[in-house]
Amino acid sequence: MEVTEVRVFLRNKDSNKKLKAYVTVTFDNCFVVRDVKVIEGSKGLFVAMPSAKMKITCPACGHRNVVRSKYCNQCSANIENQQVKPVQTPEEARQTEHKDIAHPITPECREYIQKKVLESYDFEAAKAPGSEEYESAHSHDFID
Ligand SMILES: [Zn+2]
């Protein structure tokens with residue numbers, strides 16, 4: 001399996017937001033995964049696969065509530081004890097509240113996708129207005 005295209009949609013560079021870009025990844029020219037994200041973490045940039053928030057169903061009315069709600073949003077029943085097992089680590093918390101929609105299942109594949117995505121991200125970020133490379137490329141226009 002090969003990554004055949006990576007499309008990078010940069011977020012506003014001026015903001016201090018941790019989300020740097022949305023990315024669409026194409027595999028073997030025939031399978032597309034959208035909503036991949038480039039995120040600035042404490043140890044540098046990393047790639048997050050698309051995920052969805054987990055929901056729990058209210059036993060009283062059937063309304064689907066966000067995980068870890070105390071009361072049902074629709075009928076206000078107490079749903080605290082409907083929750084899944086107690087959460088221990090931040091990573092467990094993330095997995096309890098989100099489920100991945102599409103993700104690699106081997107470290108090699110995760111590494112490969114991350115490398116491809118970050119290469120494209122670096123390339124696009126360097127071309128974007130406001131970056132050093134962009135400014136030096138365009139400053140030549142004003143030299144006589
Ligand atoms: Zn309810």
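# Exercises on a four-stranded sheet and its helix

Four strands, in the order E1-E2-E3-E4, make an open sheet with antiparallel pairing. Strands (E, at least two residues) and helices (H or I, at least four residues) are DSSP runs numbered from the N terminus, and two strands pair if DSSP finds at least two bridges between them. The model is predicted: local features need pLDDT of at least 70, side-chain atom pairs count only at pLDDT 80 or more, and totals for chains, interfaces and linings use all residues. Residues are numbered from 1 along each chain as its sequence is written.

## Exercise 1: the sheet

Task. Find which strands stand at the edges of the sheet, and state how each strand is joined to the next.

Solution.

Step 1. Strand E1 (3–10) and strand E4 (44–48) stand at the edges; each has a single partner strand, so one side of each is left without a neighbour in the sheet. From one strand to the next, the twist averages 25°. Angles run from 0 to 180 degrees between N-to-C directions, and axes are lines fitted to C-alpha atoms, for helices over the stretch in contact.

Step 2. Take E1 and E2. Seven bridges pair them in the antiparallel sense. Val8 has Val23 in E2 as its bridge partner.

Step 3. Take E2 and E3. Seven bridges pair these two strands, also in the antiparallel sense. Leu19 has Ile39 in E3 as its bridge partner. The two strands form a hairpin with three residues between them, and Asp28 in the turn has a positive phi of about 50°.

Step 4. Take E3 (residues 31–41) and E4. They run antiparallel and are joined by five bridges. Lys37 is partnered by Ala48 in E4, and Glu40 by Leu45 in E4. The hairpin from E3 to E4 passes through two residues.

## Exercise 2: helix H2

Task. State where the buried residues of H2 lie around its axis, and which strands they pack against.

Solution.

Step 1. Begin with the length. H2 has 21 residues and reaches 30 Å from its first C-alpha to its last, close to the 30 Å expected at 1.5 Å a residue. The expected span is 1.5 Å times one less than the number of residues.

Step 2. List the buried residues. A residue is buried if 20 or more other C-beta atoms lie within 10 Å of its own, exposed if 12 or fewer, and partly exposed in between, with C-beta atoms placed from the backbone. In H2, the buried residues are Ile113, Val117, Leu118 and Ala125. They cover an arc of only 125° around the axis, which puts them on the same side of H2. The arc is that of the directions from the helix axis to the C-beta atoms.

Step 3. Recall a general point. An α-helix has 3.6 residues a turn, so residues three or four places apart point the same way.

Step 4. Turn to the other face. Glu108, Glu111, Lys115, Phe123 and Ala126 are exposed residues on the face of H2 turned away from its buried side.

Step 5. Name the strands. The buried residues of H2 pack against E1, E2, E3 and E4.

## Exercise 3: the core

Task. List the residues of the largest nonpolar core and name elements that supply at least two of them.

Solution.

Step 1. A nonpolar core is a set of buried Ala, Val, Leu, Ile, Met, Phe, Trp, Tyr and Cys residues joined through C-beta atoms within 7 Å. The largest one has 10 residues: Val8, Ala21, Val23, Val25, Val36, Val38, Val47, Ile113, Val117 and Leu118.

Step 2. At least two residues of this core come from each of E2, E3 and H2.

Step 3. Follow one member. Beyond its neighbours within four places in sequence, Ile113 is in contact (C-beta atoms, placed from the backbone, within 7 Å) with Val3, Val25, Val47 and Pro104.

## Exercise 4: two loop residues

Task. Decide whether Asn78 and Ala128 are buried or exposed, and place each in the chain.

Solution.

Step 1. Asn78 lies in the loop between strand E7 (64–66) and helix H1 (90–97). Asn78 is exposed, because 12 other C-beta atoms lie within 10 Å. Apart from neighbours within four places in sequence, Asn78 is in contact with Lys70 and Tyr71.

Step 2. Ala128 is in the loop between H2 and helix H3 (132–139). Ala128 is exposed, with 12 other C-beta atoms within 10 Å. Ala128 and Leu10 are 118 residues apart along the chain, and 8.6 Å separates their C-alpha atoms.

Note on methods. Contact = placed C-beta atoms within 7 Å.
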